[in-house]
Amino acid sequence: MKFFIDTANIDEIKKGIDMGLVDGVTTNPTLLSKEKKDPNQVIKEIMSIVSGPVSLEVISKDREGMCKEARQLAGLGENAVIKIPMTEEGIKAVRILSQEGIKTNVTLVFQPIQALIAAKAGATYVSPFIGRLDDISSRGMGIIEDITIIFNNYGFETEIIVASIRNPIHVLDAALLGADIATIPFNVLKQLISHPLTDIGLERFLKDWGSIQR
Ligand code: E4P
C-alpha cells in the first residue's frame, strides 16, 4: 500500500519524506490557496523535492482548457499526474490525455459508477472522497469496497487513491480493503505512528532502566 501526503505545504512534505511515509503527493486548489504564495512556485518546489507521483489539478471546466493545462503541468516532470474533475468534460479530457500518455487522477468521485467511467476512459488513478461522504452520513468506505470489486471484475489497472481521509481508522479500513493508495493529511500521518500506550510503555522502560543505573 502506498501512502501519499495530501498537502501543498512544503514543510509538511519534507517532514513526511523524512518519516519515510511519502510515496507521492496530492494537491488541489484549496490546499494551494492555504499556502498564500504563488501557486506555480509552490508546485515547482513540490516537484523539485518529490520523486513519486504528484497530482496537480486543472481549473478549466471545458475539455480543451483542461487538456491545455494538463499538457503544461505534465511538462513539469515525468512524475506529474493531472487531476481532472469527474465531469462530462473531464472524462472527455481524460480520454484524450490518456491517449497522449499523460497520467491522470480523476478527482471528486463520490459513487462507484463514476470510478468505472473514469477507468473506462483510461484514468491512471481515481480519487473517491470518503471523508466528505462520511460528513453527510453516507458510508464513505462502502464505495471503496464497491470500486475494488468492479475494478477486479474487469481487470482495470486504474489505481484507487482513498482520498478525503480524516483519521487513522480511514487508513486502517483502506488497508483492510487492499486499496492501492491512501492520500493522507500530515496530522493524520503523524497519528498513524503514535499510540498512548507506546508512550507510557517507553516512559516506564526508561524509568526502570534508570533505577538500576549506579
Ligand atoms: C484528494 O486528492 C483531495 O485533495 C483531498 O483528499 C480532499 O480532502 P478534503 O475532503 O479533506 O478536502
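Let me start at one residue, Thr-26, which sits in strand β2, residues 24-26. Keep in mind throughout that this is a predicted model.

Is Thr-26 buried or exposed? Thr-26 is buried, and its relative accessible area is 1%. The cut-off for buried is under 20%, so a value of 1% puts Thr-26 in that class. What does its side chain meet in there? There are two polar contacts to show you. One joins the side chain of Thr-26 to that of Asp-6, at 2.7 Å. The other joins the side chains of Thr-26 and Thr-183, at 2.5 Å. If we leave out residues up to four places away in sequence, Thr-26 touches Phe-4, Ile-5, Asp-6, Thr-7, Leu-31, Ser-55, Lys-83, Asn-105 and Thr-183.

Thr-26 also takes us to the ligand. Which residues surround the ligand? They are Asp-6, Thr-26, Asn-28, Lys-83, Phe-129, Arg-132, Ala-163, Ser-164 and Arg-166. So that you can find them on the screen, here are three distances to oxygen atoms of the ligand. For Asn-28, a polar side-chain atom lies 2.7 Å from a ligand oxygen. For Lys-83, the distance from an N or O atom of the side chain to a ligand oxygen is 2.6 Å. For Ser-164, the corresponding distance is 2.7 Å. The ligand taken alone exposes 350 Å², and the protein buries 84% of that.

Now the whole protein, briefly. It has 11 helices and eight strands. Along the principal axes, the C-alpha trace spans about 75 × 40 × 30 Å. There are 214 residues, and 48% of them count as buried. The protein exposes about 11,500 Å², with carbon and sulfur atoms supplying 53% of that area. Take the contacts with a separation of 6 or more: residues 24 or more positions apart account for 56% of them.

Next, a helix. Please find α5, residues 88-99. This helix has 12 residues, and from its first C-alpha to its last it reaches 17 Å, close to the 16 Å expected at 1.5 Å a residue. Which residues of α5 are buried? They are Gly-90, Ile-91, Ala-93, Val-94 and Leu-97. These residues lie on the same side of α5, because they cover an arc of only 160° around the axis. The face turned away from that buried side carries the exposed residues Glu-88 and Gln-99.

What do the buried residues of α5 pack against? They pack against two helices and two strands by name: α4 (63-74), β4 (80-85), β5 (104-109) and α6 (112-120). After α5 comes Gly-101, which has a positive phi, near 80°.

We can look at the α4 side of that packing too. Helix α4 has 12 residues and reaches 16 Å between its first and last C-alpha atoms, close to the expected 16 Å. Its buried residues are Gly-65, Met-66, Cys-67, Glu-69, Ala-70 and Leu-73. Note that a glutamate, Glu-69, is in that list. The buried residues of α4 pack against β3 (54-57), β4 and α5.

Back to the end of α5. Where is Lys-103? Lys-103 is in the loop between α5 and β5. Lys-103 is partly exposed, with a relative accessible area of 37%. Its side chain reaches the backbone oxygen of Glu-78 at 3.3 Å. Neighbours within four places in sequence aside, Lys-103 is in contact with Glu-78, Ala-80, Val-81, Ile-82 and Thr-124. The C-alpha atoms of Lys-103 and Gly-122 are separated by 9.0 Å, and these two residues are 19 residues apart along the chain.

One last residue, Ile-147, in helix α8, residues 140-154. Ile-147 has 0% relative accessibility, so it counts as buried. What is it in contact with, leaving aside neighbours within four places in sequence? For Ile-147 the answer is Val-109, Pro-112, Ala-115, Pro-128 and Ile-160. Its C-alpha atom and that of Ile-113 are separated by 7.9 Å, although the two residues are 34 residues apart along the chain.

That is the tour.

Notes:
Residues are numbered from 1 along each chain as its sequence is written. This is a predicted model: local features need pLDDT of at least 70, side-chain atom pairs count only at pLDDT 80 or more; totals for chains, interfaces and linings use all residues. Side-chain values use heavy atoms; hydrogens and water are left out. Helices (H or I, at least four residues) and strands (E, at least two) are DSSP runs, numbered from the N terminus. The expected span of a helix is 1.5 Å times one less than its number of residues. Buried means under 20% relative accessible area, exposed over 50%, partly exposed in between (1.4 Å probe, protein chains only). The arc is that of the directions from the helix axis to the C-beta atoms. Contact means heavy atoms within 4.5 Å. A polar contact is a pair of N or O atoms within 3.5 Å; within protein, one must be able to donate a hydrogen and the other to accept it, and residues adjacent in sequence count only if both atoms are side-chain atoms. A residue is near a molecule or strand if one of its heavy atoms lies within 4 Å of it. Accessible areas come from the Shrake-Rupley method with a 1.4 Å probe; for residues, only the protein chains shown count as cover.
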